[in-house]
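Morning, everyone. Please have the sequence and the model open while I talk.

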Amino acid sequence: MDDFAIDHAVHVFGALALVINFIGYRQETVYRYRLVTAFALAFLSLHFFLLGAMAAGIGLAIGAVRNIVALRYQSVSVLLVFILLNIVFCLWEWFVLKNEVYLFIAYTAAMIFTVGSIVLKSATTIRRWFIVAESLMLMYSLIVLSPFGVLFNVSNLTSIFLKLRSDKRVKAAQQLGQSE
């Protein structure tokens, strides 16, 4: 593939990830959230691989598979498998490939996403948990100079905060209606 085609693919995959993930964070159920964001994670994984940012590419690919698996299985053994995968790839990148230290930012975020995606059952709790992970991935995206990664994480953080605020308003209105 020539440089123009790779550059074009980087942008296409980044844009697809951005749009699909925005839709994902707006889902009302954990099941739908996991399903929609699995596709977004797969596209963003391709985006980062094409940029040469392996830690994010691997972590996001694992995340896409994790979200599909978590649609049906949320056991401790599944959690441990995905945590182990993240640790193995992180250590491989660090010791074998000798990649930069900032790979730990991406893998820390991946671990937070993994625990949140498999263990947590509430979409609201997942949103709160993911604020930290999205912030870490925002830092990583800035470091590896990924404009779509930055937009992806800023969009996610914005979407999370807007949805949490909306949910809070709905809950307050419901409580107000019950107290009358």
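I will take the salt bridges first, then the pocket.

One caution before that: this is a predicted model.

Salt bridges, then. Side chains of opposite charge can pair when their charged atoms come close. How many salt bridges does a search of the whole structure find? The count is 3.

Start with Lys163 and Glu28. Their closest N and O atoms are 2.6 Å apart. This pair links distant parts of the chain, with the two positions 135 residues apart in numbering. Lys163 sits in helix H7, residues 147-179. Glu28 is in the loop between helix H1, residues 3-25, and helix H2, residues 30-51.

Are these two partners buried or exposed? One of each. Lys163 has 6% relative accessibility, under the 20% limit, so Lys163 counts as buried. Glu28 is at 55%, over the 50% limit, so Glu28 counts as exposed.

Next, Asp167 and Arg127. Their side chains meet in a salt bridge at 3.9 Å, N to O. Again the pair links distant parts of the chain. Asp167 is in helix H7, and Arg127 is in helix H6, residues 123-143. They are 40 residues apart. Arg127 is buried, with a relative accessible area of 4%. Asp167 is at 22% relative accessibility, in between the 20% and 50% limits, so Asp167 counts as partly exposed.

Now Asp167 and Lys163. This salt bridge is 3.2 Å, N to O. Both residues are in helix H7, 4 residues apart, which means about one helical turn separates them.

Put those pairs together. Which residues do the shared partners join into one network? They are Glu28, Arg127, Lys163 and Asp167. Within that network, Lys163 pairs with Glu28 and also with Asp167. Asp167, in turn, pairs with Arg127.

On to the pocket. The largest pocket has a volume of about 150 Å³. What lines it, by class? The lining has 8 nonpolar, 2 polar and 2 charged residues.

Here are the names, going along the chain. Leu51, Gly52, Ala53, Met54 and Ala55 are among the lining residues. Glu93, Asn99, Glu100, Tyr102 and Leu103 line the pocket too. Tyr140 and Val144 complete the list.

To recap: 3 salt bridges, one network of Glu28, Arg127, Lys163 and Asp167, and a largest pocket of about 150 Å³. Thanks.

Methods
Residues numbered from 1 in each chain as written. Predicted model: local features only at pLDDT ≥ 70, side-chain atom pairs only at ≥ 80, totals over all residues. Heavy atoms only, no water. 1 Å grid on protein atoms, 1.4 Å probe; cavity = no way out; pocket = protein on both sides within 12 Å on 5 of 7 lines; lining within 4 Å. Points joined across faces, edges and corners; volume = space filled by probe spheres on them. Nonpolar A, V, L, I, M, F, W, Y, C, P; charged D, E, K, R; others polar. Salt bridge = Lys/Arg side-chain N within 4 Å of Asp/Glu carboxyl O. Buried < 20%, exposed > 50% of the residue type's maximum accessible area, 1.4 Å probe, protein only.
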